[in-house]
Amino acid sequence: MTRFGFLSLALLSLQAFVGTGLAAEETVEAETRSYAVSAEASFPSSEIFGVKLVNGHPTQALIAFTNEEPNPVTVNFVGGTLWNLEEASKVVRNLTATRYALEIPAGKKEVISYDFATEMHPQDLRLNIAAILSDSEGNFFSAQAFNGSVSVVEPETSIFDPQIIFLYFFLLACAGGISYFFYTVWIAPYFPQKRKSKSDEKRAPKPVVESPSPVVASSTTYNTDWIPDHHINRPEARKVKGARSKSRS
């Protein structure tokens with residue numbers, strides 16, 4: 001088997017190794033040889049009150065490798081798996097395996113950062129993190145870095161979040177509109193109308209009434225073009241001299 005083919009097999013075996021919880025001395029090829037290499041994971045920003053995996057936020061695991069072998073070893077891959085607490089053989093989620101190719105000299109200690117993220121329902125699970133290493137002769141072996149319970153939680157919300165502020169403003173506007181509609185339709189009509197006082201009537205400007213046009217100014221207005229002039233212009237009464245002399249006598 002070629003070196004690349006064995007690396008692929010080792011990477012696939014990493015997930016199975018993480019789930020079984022084998023000791024760090026067992027190899028991927030099930031060899032009996034043990035290696036004086038240990039790995040220990042810590043969560044600097046997630047283990048104040050227990051390890052918490054926040055959805056949508058990357059979780060950082062710092063893995064410290066200690067090589068007590070007389071020869072250097074190489075860290076090839078690091079991966080993890082989330083398991084059900086009640087059913088130990090049930091895999092819930094496989095985490096991303098990251099390749100490092102980091103050489104650790106004999107008797108030295110190196111720390112690497114393994115980051116992963118989750119998008120799951122809040123629940124309690126068991127997290128296993130393991131690494132695939134190789135010695136100076138090209139033999140691969142595994143080392144377990146973490147095996148314990150974790151809690152998947154939702155991120156905390158702040159009242160100063162712009163999305164939360166917009167949501168509050170939208171809900172407040174909807175509530176105000178509904179209240180105003182309810183008041184104008186169901187409450188305002190039942191209140192007595194306010195009567196205007198005499199002072200208000202005096203202050204109020206009087207409406208300007210436009211004078212009607214000459215054509216419709218009066219109901220008696222009519223067209224006189226068809227009436228003869230002698231009917232319109234009546235003759236003046238003539239003075240009779242005889243009647244005036246009789247009166248004098």
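Guide: Two strands count as paired if DSSP finds at least two bridges between them. Keep that in mind for this model, which is predicted.

Visitor: How many residues lie between β8 and β9 in their hairpin?

Guide: β8 and β9 run antiparallel, joined by 12 bridges. One pair in that ladder is Ala 130 with Gln 144 of β9. In the turn, Gly 138 has a positive phi of about 90°. The number of residues between the two strands is 5.

Visitor: In which sense does strand β2 pair with β9, parallel or antiparallel?

Guide: β2 covers residues 52-54. Its Lys 52 stands opposite Ser 151 in β9. The two strands share 3 bridges, and their sense is parallel.

Visitor: How many of the 14 residues of β9 are buried?

Guide: Buried means under 20% relative accessible area. By that cut-off β9 is mostly covered. The buried count in β9 is 11.

Visitor: Which element gives the most to the largest nonpolar core?

Guide: That core has 31 residues. Ile 63, Phe 65, Val 78, Leu 127, Ile 129 and Leu 133 have the most contacts inside it. The elements giving two or more residues are β1 (37-42), β3 (59-67), β4 (73-84), β7 (109-116), β8 (123-134) and β9 (140-153). With 6 residues, the top contributor is β9.

Visitor: Which alanines does Ile 63 contact, leaving aside its neighbours within four places in sequence?

Guide: Ile 63 is among the residues with the most contacts inside the core. Its partners include Val 78, Val 111, Ile 112 and Ile 129. Glu 40, Glu 110 and Tyr 114 are also in contact with Ile 63. The alanines are Ala 39, Ala 41 and Ala 145.

Visitor: Why does Tyr 168 count as partly exposed?

Guide: Tyr 168 is found in helix α2, residues 162-187. It helps make a nonpolar surface patch with Phe 166, Leu 167, Phe 170 and Leu 171, about 550 Å² in area. Partly exposed lies between the buried limit of 20% and the exposed limit of 50%. Tyr 168 counts as partly exposed because its relative accessibility is 48%.

Visitor: What share of the 249 residues in the protein chain is buried?

Guide: The chain has 5 helices and 9 strands. Its accessible surface comes to about 18300 Å², with 57% belonging to carbon and sulfur atoms. The buried share of the residues is 27%.

Visitor: Among contacts between residues at least 6 apart in sequence, what percentage joins residues at least 24 apart?

Guide: Along the sequence, the pattern is α-β-β-β-β-β-β-β-β-β-α-α-α-α. The percentage of those contacts that joins residues at least 24 apart is 69%.

Conventions:
Residues numbered from 1 in each chain as written. Predicted model: local features only at pLDDT ≥ 70, side-chain atom pairs only at ≥ 80, totals over all residues. Heavy atoms only, no water. Patch = residues over 30% accessible without salt bridge, like charges linked within 9 Å, V, L, I, M, F, W, Y side chains within 5 Å. Areas by Shrake-Rupley, 256 points an atom, 1.4 Å probe, with all protein chains shown as cover. Salt bridge = Lys/Arg side-chain N within 4 Å of Asp/Glu carboxyl O. Helix = DSSP H or I, 4+ residues; strand = E, 2+ residues; numbered from the N terminus. Buried < 20%, exposed > 50% of the residue type's maximum accessible area, 1.4 Å probe, protein only. Core = buried A, V, L, I, M, F, W, Y, C linked by side-chain atoms within 4.5 Å. Contact = heavy atoms within 4.5 Å.
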